Amino acid sequence: MSLSTSNPDHQARNPVTGVRGMNDLLPHETEIWQFMEQGFRLVLQNHGYQEIRLPLIERTELFQHSIGDSTDIVQKEMYTFADRNDESLTLRPEGTAGVMRAVIEHGLFHQPQRLWYMGPMFRYERPQKGRYRQFHQFGVELLGYQGVEADAEIIAISARLWRFLGIDDLKLQLNMLGSEKSRFRYRQVLQTYLRQHAHRLDEVSKLRLDTNPLRILDSKNPEVRAVLEEAPLLDDFLSEEDKLRCSHLCTLLDDMGIDYHKNSRLVRGLDYYDGAVFEWVTTRLGAQNAVCAGGRYDGLAEKIGGSATPAAGFAIGLERLVALLETLNQLPTTSHLHAYLLYTSDQWTSAAFTLAESLRDKLPQLRMMVHCGGGSMKSRLRRADKSKAECALIIGEEELRDSRVQIKHMRSNAETLLIHRDQLAAWLQEHFRL
RNA sequence: GUGGGCGUAGCUCAGUGGUAGAGCACUGGAUUGUGGCUCCAGCGGUCGUGGGUUCAAUACCCAUCGUCCACCCCA
């Protein structure tokens, strides 16, 4: 059997495509991503957080132990493969587990850590609006603080990120899951209640009855939701300490002027959450409405073999945030070129490139594009126009004869200038305040 | 994994059982070396792929792949 890939005809008809659910970010999109990323970096830097960069691949067991064996992510959404030595490895489906692993592994827990990360995550799911197999998260982790001021700090940071980006559309949903002990008691009671109404539950919820009954709480199924109307509330099973933490956190948020909505049905899909959890949601993105989610996970470090360490954090789905920015028309203004250098005929190519190099040497801040690809004068100027440059710098036979350069303003009707090439850099510096 | 919509030019989309069109984009010209506006011309498609029905399929049927949306799940 022979592969047909060497047949050019076959290749022409079947070009290699990208992988399903893994998107290319094309040039017209990267601008908004850079705007967002630079904003994030700045805000986090201003809060004293440091970046951490980690491998995309971890041992599979890391995610099994941290995210939880019974979760959908671990059970059916991970990109898991055997390494050449038969070790089971996995493309990270989220960032927190890796951060905890690295912090434990490198002994960073001797003092609290304020960390952020950004990068691609991988989950094998059917792609949909706001949900892709390779997607990007920006995450923040605050490690080593027991008190709710840590929860308040990360929520305040998230709120500030929205403000920085000019987003006022997101609403904060908040819930208190409580300690493992309170959750366990509630779980029993909820299970008992739901078993009595099992005939009204859908298939998925029935399966969850045994594995993870709390997850049924955020079901979208109307019938299931009807059953939940009468269900016992998690709030009633919280310990005094949990309640105190909750009210303290709410007070802090109130004092900072951060609005929130208490949602007792908000449970998270990853097993490691406990204490306060939150989501920032929008109504503008269809079904995948959570742009940012996080909470406290004091138990996580122990689950992956570290010593008990309090921790809180959140992650932002960047594709979703970009989509939101686009609906809100919060696009940044682009920084256009100052100049487009063109020559009237290809016989002056060398003169043009020589001039360009000397200008770049003298003016490192100069944003200039040099013409490539020949064409008529008309098309050369049209290219200059399309480049959105402020002015065209033109050289041709006449200009070269007496060492001048023509400056043509493309965005105004200001008169065309002829300037000696020795004075061009000075003129550009002055005109564009370089 | 389940359900539904959609695959026609680089992009956005019309269209018909008799092998295809528009707008935008691109190239050239009207304007010997001067963009934008206008006009003219040109380039560009085995109508996703494979099979079936038919004298004839881009159109109808089946399959398959891709894509989008929703379920599920989550950021």
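**Salt bridges, a helix and two cores**

Counting as a salt bridge any side-chain nitrogen of Lys or Arg within 4 Å of a carboxyl oxygen of Asp or Glu, one arrives at 19 salt bridges. The structure is a predicted model, in which local features need pLDDT of at least 70 and side-chain atom pairs count only at pLDDT 80 or more, while totals for chains, interfaces and linings use all residues. Residues are numbered from 1 along each chain as its sequence is written, chains are lettered from A and ligands numbered from 1 in the order in which they are written, and side-chain values use heavy atoms, with hydrogens and water left out.

Side chains of opposite charge can pair when their charged atoms come close. One such pair is Arg 296 with Asp 151, whose closest N and O atoms are 2.8 Å apart. This salt bridge links distant parts of the chain, since Arg 296 belongs to strand β10 (residues 290–296) and Asp 151 to helix α6, 145 residues apart; helices (H or I, at least four residues) and strands (E, at least two) are DSSP runs, numbered from the N terminus. Both Arg 296 and Asp 151 are buried, where buried means under 20% relative accessible area, exposed over 50%, and partly exposed in between, with a 1.4 Å probe and protein chains only.

A second pair, Asp 346 and Arg 380, meets at 3.1 Å, N to O. Here again distant parts of the chain are linked, with Asp 346 in the loop between β12 (339–343) and α13 (349–362), and Arg 380 in helix α14 (residues 377–386), 34 residues apart. Asp 346 counts as partly exposed because its relative accessibility is 43%, whereas Arg 380, at 3%, counts as buried. Salt bridges that share partners also join Asp 151, Arg 245, Arg 296 and Asp 298 into one network.

The pair formed by Lys 243 and Glu 240, with closest N and O atoms 3.9 Å apart, lies within helix α10 (residues 240–256), the two residues being three apart, about one turn of the helix. Lys 243 is partly exposed at 36% relative accessibility, and Glu 240 is exposed, with a relative accessible area of 61%.

Helix α2 shows how one element is packed. At 1.5 Å a residue, the 20 residues of α2 (residues 27–46) should span 28 Å, the expected span being 1.5 Å times one less than the number of residues, and its end C-alpha atoms are 29 Å apart, which agrees. Within α2, Ile 32, Trp 33, Met 36, Gly 39, Phe 40, Val 43 and Leu 44 are buried. Seen down the helix axis, these buried residues fall within an arc of 125° (taken from the directions from the axis to the C-beta atoms), so they line one face of α2. On the other side of α2, Pro 27, Gln 45 and Asn 46 are exposed. The buried residues of α2 are covered by elements including β5 (113–122), β6 (134–143) and α6 (148–165).

The largest nonpolar core, a set of buried Ala, Val, Leu, Ile, Met, Phe, Trp, Tyr and Cys residues joined through side-chain atoms within 4.5 Å, has 48 residues, of which Leu 161, Trp 162, Trp 280, Ile 316 and Leu 321 touch the most other members. Helix α6 gives the most to this core, with eleven residues. A second, separate core of 45 residues includes Ile 52, Ile 67, Leu 228 and Ala 311.

Conventions
Contact means heavy atoms within 4.5 Å.
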